[in-house]
Amino acid sequence: MSYELLTFLSLATIGASGILILLGLFFVKTGRKELHKKAMLSASFLALLFLVFYGIKYFMYPPKPYEGPYKGLYMFILISHSILAAINLPLAVITVFLGITDRLSKHKKIAPITAVVWIYVAITGWLIYAFLKLGGG
Ligand code: HEM
C-alpha cells in the first residue's frame with residue numbers, strides 16, 4: 001500500500017470516528033438511544049480500522065521528525081495525543097461494555113470522559129498530520 005493511501009485511510013477513519021462520537025452524543029442527548037448505540041459502535045469499529053492502518057503505516061514508513069518552527073507546541077500535542085490515545089483504548093472498551101450490558105449508571109459516569117478523550121485524540125491526530133505536512137523533516 002502506498003504512503004498516500006495509508007495516510008488517507010488513517011485520517012479518514014480517525015476523523016469519521018470522531019464525528020460519529022459527536023453524533024452519538026447528540027443522539028443520546030436528544031433521547032435517541034438506539035441511534036446512540038449504532039453511532040458509538042460504528043465509531044469504535046472505525047477506531048479499530050484506524051489502528052490497523054496506522055500500524056501498517058508505522059512499520060512500512062516510519063514517521064519522520066518535525067523540523068518546523070513550532071517544536072515546543074508540536075511536542076506538547078504529540079505527547080498528549082500519544083498518552084491519551086493509549087488511555088482511550090481501555091476507556092473505550094469499558095464504556096462500550098458497560099453500554100451493551102445495560103450497566104447504565106456506570107456507563108453514564110465514565111462515558112463523558114471517554115467522549116472527551118476520544119475527540120481530543122481524533123483532532124490532535126489531524127493536527128499532527130498538518131504539522132508534519134508543513135514542517136516535516
Ligand atoms: C465509546 C462509546 C460510547 C460513548 C463515548 C458513550 C457516551 C455516552 C454519554 C456521554 C451518555 C450520556 C450520559 C448522560 O447523559 O449523563 C451516554 C448514555 C447512554 N449510552 Fe452511551 N456511549 C458509548 C457507547 C454506548 C453503547 C455501545 C451503548 C449500547 C447500548 C450505549 C448506551 C447508552 C444508553 C442507553 C445511554 C442512556 C442512559 C440513560 O439516559 O439512562 N452507549 N453514553
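**View 1. Buried residues along helix 3.** In this predicted model, five residues to look for in helix 3 are A85, N88, A92, T95 and G99, which are buried. What lies over them? The cover over the buried residues of helix 3 includes helix 2 and helix 4. Keep N88 and G99 in mind, as both turn up again in later views.

**View 2. The length and bend of helix 3.** Here is a small calculation you can follow along the helix. Helix 3 has 30 residues, and at 1.5 Å a residue it should span 44 Å. The C-alpha atoms at its two ends are 42 Å apart, so the expected and modelled spans agree. Where does helix 3 bend? Look at N88, where helix 3 bends by about 30 degrees. A proline, P90, follows within four residues of that point.

**View 3. D102, just past the end of helix 3.** Follow the chain out of helix 3 and you come to D102, in the loop that leads from helix 3 to helix 4. The backbone angle phi is positive here, near 65 degrees, in a residue that is not glycine. Is D102 buried or exposed? D102 has 7 C-beta neighbours inside 10 Å, so it counts as exposed.

**View 4. G24 in helix 1 and the residues around it.** Now move to helix 1, where G24 is found. This glycine has 24 other C-beta atoms within 10 Å; a residue needs 20 or more to count as buried, so G24 is buried. Which residues does G24 contact, apart from neighbours within four places in sequence? They are H36, A39, M40 and A43. You can also find L35, which is 11 residues from G24 along the chain, with 7.1 Å between the two C-alpha atoms.

**View 5. The largest nonpolar core.** This core has 17 residues, and those touching the most other members are L20, I21, A43, L46, A47, F50 and W118. Helix 1, helix 2, helix 3 and helix 4 each bring at least two residues to this core. Which helix gives the largest share of this core? It is helix 2, with 7 residues. Nonpolar side chains tend to be buried together in soluble globular proteins. Take a second look at W118: leaving out residues up to four places away in sequence, W118 touches G18, I21, N88 and A92. Of these, N88 and A92 are among the buried residues of helix 3.

**View 6. The shell around the ligand.** The ligand has 20 residues around it, and the ones that come nearest are K37, M40, G99, A111 and A115. Two of these names are familiar: M40 is a contact of G24, and G99 is a buried residue of helix 3. Each of the helices 1 (3-29), 2 (33-60), 3 (71-100) and 4 (104-135) supplies at least two residues of the shell. Which helix gives the most to the shell? Helix 4 does, with 7 residues. By type, the shell holds 12 nonpolar, 5 polar and 3 charged residues.

**View 7. Stepping back to the protein chain.** Finally, put the close-ups together. The protein chain has 4 helices and 0 strands, and its C-alpha trace spans about 50 × 30 × 25 Å along the principal axes. Of the 137 residues in the protein chain, 22% are buried. Among contacts between residues at least 6 apart in sequence, 75% join residues at least 24 apart.

Methods:
Residues numbered from 1 in each chain as written. Predicted model: local features only at pLDDT ≥ 70, side-chain atom pairs only at ≥ 80, totals over all residues. Near = placed C-beta within 6 Å. Nonpolar A, V, L, I, M, F, W, Y, C, P; charged D, E, K, R; others polar. Expected span 1.5 Å × (residues − 1). Bend = angle between axes of the 7 residues up to and from the residue. Buried ≥ 20, exposed ≤ 12 C-beta atoms within 10 Å, placed from the backbone. Contact = placed C-beta atoms within 7 Å. Core = buried A, V, L, I, M, F, W, Y, C linked by C-beta atoms within 7 Å.
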